[in-house]
Amino acid sequence: MYTESMTTKIKKIDYYKESIKEYKEIRALNTEAKPKLLLHVCCGACLCYPLLFLTDLFDITLFFSNSNIYPKSEFDFRLLAVNNCKRSLANCFNTSINVVVDDYNYDEFRNDLLPYKDLPEGKERCKICIAKRMKRLFEYASQNGFKYVSTVMSISRNKDEQYINELGLNLSKSFANVHYFVSDFKKNGGQDIGIELSKKYYIYRQNYCGCEFSKEYKK
């Protein structure tokens, strides 16, 4: 779970370069079968470029675990966008990509965010939200035999990739059988490519992060 000390101790790291290094190391293993990766996805728009980046290296399963999204109709709409995105890109790569949909428990999720409801995006509320979903990603991966996990959230310029990756690496220490693949998907034009792909395939692009508090903050 998030603690304030995590933000103060993070050394600035170029996680894009680290991801390229790791990509090459995994490629060099020369295994016949692609390793299994459980990729946390929050929406279709954020999925486009990470899927393009990762598909050639991993056997990907998408993990839609986002009880932060409000209302339920928005959750359903973003899930539809995820399926539209993966279908379009899977057809391009002639590959199969499964989607696992986690339970939707917004009321329980909201209780943890409520004390921080008046804070702007990027502060404690958002860090707790990210931490809860990342921990759930590791739990599911550990229980279902996934060697690697990652998340698309570093694609956004509004998300702190230092915090996301530090959190993932720390969780890897608690889940010894699951390796976290670092990322900064927005780098090297990744976010711009993702925007163009979402336009090309008519993928829904929402105008708020997810929870009711972020929705209110956008007004």
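# Worked exercises: bridges, sheet and pocket

Glu212 is buried, with a relative accessible area of 17%. Keep that residue in mind as you work through these exercises, and remember that the model is predicted.

**Exercise 1. Find the salt-bridge partner of Glu212 and say which parts of the chain the pair ties together.**

Step 1. Look for a side-chain nitrogen of Lys or Arg within 4 Å of a carboxyl oxygen of Glu212, since that is the cut-off for a salt bridge. Arg110 fits, with an N to O distance of 2.6 Å.

Step 2. Place both residues. Glu212 belongs to helix H9 (residues 212–217) and Arg110 to helix H5 (residues 106–113), so the bridge ties together parts that are 102 residues apart in sequence.

Step 3. Check the cover on each side. Buried means under 20% relative accessible area. Glu212, at 17%, is therefore buried, while Arg110, at 24%, is partly exposed.

**Exercise 2. Which residue pairs with Asp112 in a salt bridge, and in which helices do the two lie?**

Step 1. The partner is Lys132, with 2.7 Å from N to O.

Step 2. Asp112 sits in helix H5 and Lys132 in helix H6, 20 residues apart, and the pair links distant parts of the chain.

Step 3. Asp112 has a relative accessible area of 35%, so it is partly exposed.

**Exercise 3. How far apart are the closest N and O atoms of Asp118 and Lys117, and how accessible is each residue?**

Step 1. These two residues form a salt bridge in which the closest N and O atoms are 3.2 Å apart.

Step 2. Exposed means over 50% relative accessible area. Asp118, at 66%, therefore counts as exposed, whereas Lys117, at 38%, is partly exposed.

Step 3. Now look at a set of bridges with shared partners. Lys12, Asp14, Glu161, Asp184, Lys186 and Lys187 are joined by them into one network.

Step 4. Count the salt bridges by this rule and you get 14.

**Exercise 4. Work out the strand order of the open sheet and say which strands stand at its edges.**

Step 1. Start in the middle. Strand S1 (residues 36–40) pairs with S4 in the parallel sense over 4 bridges, and the bridge partner of His40 in S4 is Thr151.

Step 2. Move outward from S4. S4 and S5 are parallel and share 2 bridges; Val149 has Tyr180 as its bridge partner in S5.

Step 3. Go to the other end. Strand S2 (residues 59–64) runs parallel to S3, joined by 4 bridges, with Phe64 opposite Val101 in S3.

Step 4. Put the pieces in order: the 5 strands run S3-S2-S1-S4-S5, with parallel pairing. S3 (98–101) and S5 (179–180) each have a single partner strand, so they stand at the edges and one side of each has no neighbour in the sheet.

**Exercise 5. Are the residues on the two faces of strand S4 buried or exposed?**

Step 1. Recall the pattern to expect: in a regular strand the side chains alternate between the two faces of the sheet.

Step 2. Apply the pattern to S4 (residues 148–151). Tyr148 and Ser150 lie on one side, Val149 and Thr151 on the other.

Step 3. These residues are all buried, and both faces of the strand are covered.

**Exercise 6. Describe the largest pocket: what is its volume, and which helix gives the largest share of its lining?**

Step 1. The volume comes to about 510 Å³.

Step 2. The lining has 24 residues, and those nearest the centre are Cys46, Ser156, Asn158, Lys159 and Gln206.

Step 3. Helix H3 (44–54) and H8 are the elements that give two or more residues to the lining. The largest share, 3 residues, comes from H8.

**Exercise 7. Compare Ile193 and Leu197 in helix H8: which is buried and which is partly exposed?**

Step 1. Both residues are in H8: Ile193 lies in the run 190–200, and Leu197 is found in this helix too.

Step 2. Ile193 has 34% relative accessibility and so counts as partly exposed, while Leu197, at 14%, is buried.

Step 3. Look at their surroundings. Ile193 forms a nonpolar surface patch with Leu52 and Phe93, with about 220 Å² of accessible area together. Leu197 and Ser88 are 109 residues apart along the chain, and their C-alpha atoms are separated by 9.9 Å.

Note on methods: Residues numbered from 1 in each chain as written. Predicted model: local features only at pLDDT ≥ 70, side-chain atom pairs only at ≥ 80, totals over all residues. Heavy atoms only, no water. Patch = residues over 30% accessible without salt bridge, like charges linked within 9 Å, V, L, I, M, F, W, Y side chains within 5 Å. Areas by Shrake-Rupley, 256 points an atom, 1.4 Å probe, with all protein chains shown as cover. Buried < 20%, exposed > 50% of the residue type's maximum accessible area, 1.4 Å probe, protein only. Pairing = 2+ DSSP bridges. 1 Å grid on protein atoms, 1.4 Å probe; cavity = no way out; pocket = protein on both sides within 12 Å on 5 of 7 lines; lining within 4 Å. Points joined across faces, edges and corners; volume = space filled by probe spheres on them.
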